[in-house]
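Me: Please examine the following model and answer a series of questions on its fold and packing.

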Amino acid sequence: MKLIFKGDQISIKIAVDKANEILSNSEFFEQIKKLPQFYNTKLTPTQISDILREANQEIQIETYWQMNPFKPRTCVNAKTVSTTLIKLNTRCFSNSLKTAVNTLIHESVHAADFLNGTWDFTHVDNTNEGEEDNTAPWLIGKLAEQFV
């Protein structure tokens, strides 16, 4: 799996480079295997690690700017559009390298998850309330922060 960003925002370029470095680090995948069983999936951490490691797709990173008119103080910072496209909301995307890499890896987990056309290890909804310590995207994103 490789993330590709052709935009000119330096902070995003740096975060994408760091995320790609992590995604090419075999130790990262070994650490995923050591995580506890994820919520909302029957797959083991080892199976998910193997899926992520073997995912051979390039994922384009694009940006957009959006405010939630119904909840102007809340914001979705990224969304996985397909197995080959992640969109980052530049209004909300973090300038913290650790947080930005967490988001990129989290979204990459979604992209790899849907490679077979089904959601096998995602979270229930777009809030992390009660799930942040239990589902594959949240835990693997958090793990990626430790590699920054």
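Me: What area does the protein chain expose, and what share of it do carbon and sulfur atoms supply?
Reply: This is a predicted model, in which local features need pLDDT of at least 70, side-chain atom pairs count only at pLDDT 80 or more, and totals for chains, interfaces and linings use all residues. Residues are numbered from 1 along each chain as its sequence is written, and side-chain values use heavy atoms, with hydrogens and water left out. Accessible areas come from the Shrake-Rupley method with a 1.4 Å probe, and for residues only the protein chains shown count as cover. The protein chain exposes about 8,100 Å², of which carbon and sulfur atoms supply 48%.

Me: In what order do the elements of the protein chain run from the N terminus on?
Reply: Helices (H or I, at least four residues) and strands (E, at least two) are DSSP runs, numbered from the N terminus. The protein chain has five helices and four strands. From the N terminus on, their order is β-α-α-α-β-β-β-α-α.

Me: Which element supplies the largest share of the largest nonpolar core?
Reply: A nonpolar core is a set of buried Ala, Val, Leu, Ile, Met, Phe, Trp, Tyr and Cys residues joined through side-chain atoms within 4.5 Å; buried means under 20% relative accessible area, exposed over 50%, and partly exposed in between (1.4 Å probe, protein chains only). The largest such core has 36 residues, and those with the most contacts inside it include Phe28, Leu52 and Ile140. Among the elements that each supply at least two residues of this core are strand S1 (2-5), helix H1 (10-23), strand S2 (58-64) and helix H4 (97-113). The largest share, seven residues, comes from H4.

Me: Against which helices do the buried residues of H5 pack?
Reply: H5 is mostly covered, with eight of its eleven residues buried; Trp138, Leu139 and Ile140 are among these. Contact means heavy atoms within 4.5 Å. Leaving aside its neighbours within four places in sequence, Ile140 is in contact with residues including Phe28, Leu52, Ile105 and Val109. The buried residues of H5 pack against H1, H2, H3 and H4.

Me: How many residues lie between S3 and S4 in their hairpin?
Reply: Two strands pair if DSSP finds at least two bridges between them. S2 and S4 pair in the parallel sense over five bridges, and Glu62 stands opposite Lys87 in S4. Strand S3 (residues 78-82) runs antiparallel to S4, joined by four bridges, with Ile86 in S4 as the bridge partner of Thr80. In the hairpin that S3 and S4 form, the number of residues between them is two.

Me: Why is the pair of Phe28 and Phe29 described as it is, and what is its geometry called?
Reply: Rings of Phe, Tyr and Trp (its six-membered ring) pair if their centres lie within 6.5 Å; planes under 30 degrees apart count as stacked, over 60 as edge-to-face and the rest as tilted. The structure holds three aromatic pairs. The ring centres of Phe28 and Phe29 are 5.5 Å apart and the planes stand at 70°, so the pair is edge-to-face.

Me: Over the face of which residue does Arg91 lie?
Reply: A charge sits over a ring if NZ of Lys or CZ of Arg is within 6 Å of the ring centre and within 35 degrees of the ring normal. The charged end of Lys79 sits over the ring of Tyr64, 4.6 Å from its centre. Arg91, at 5.9 Å from the ring centre, lies over the face of Trp65.
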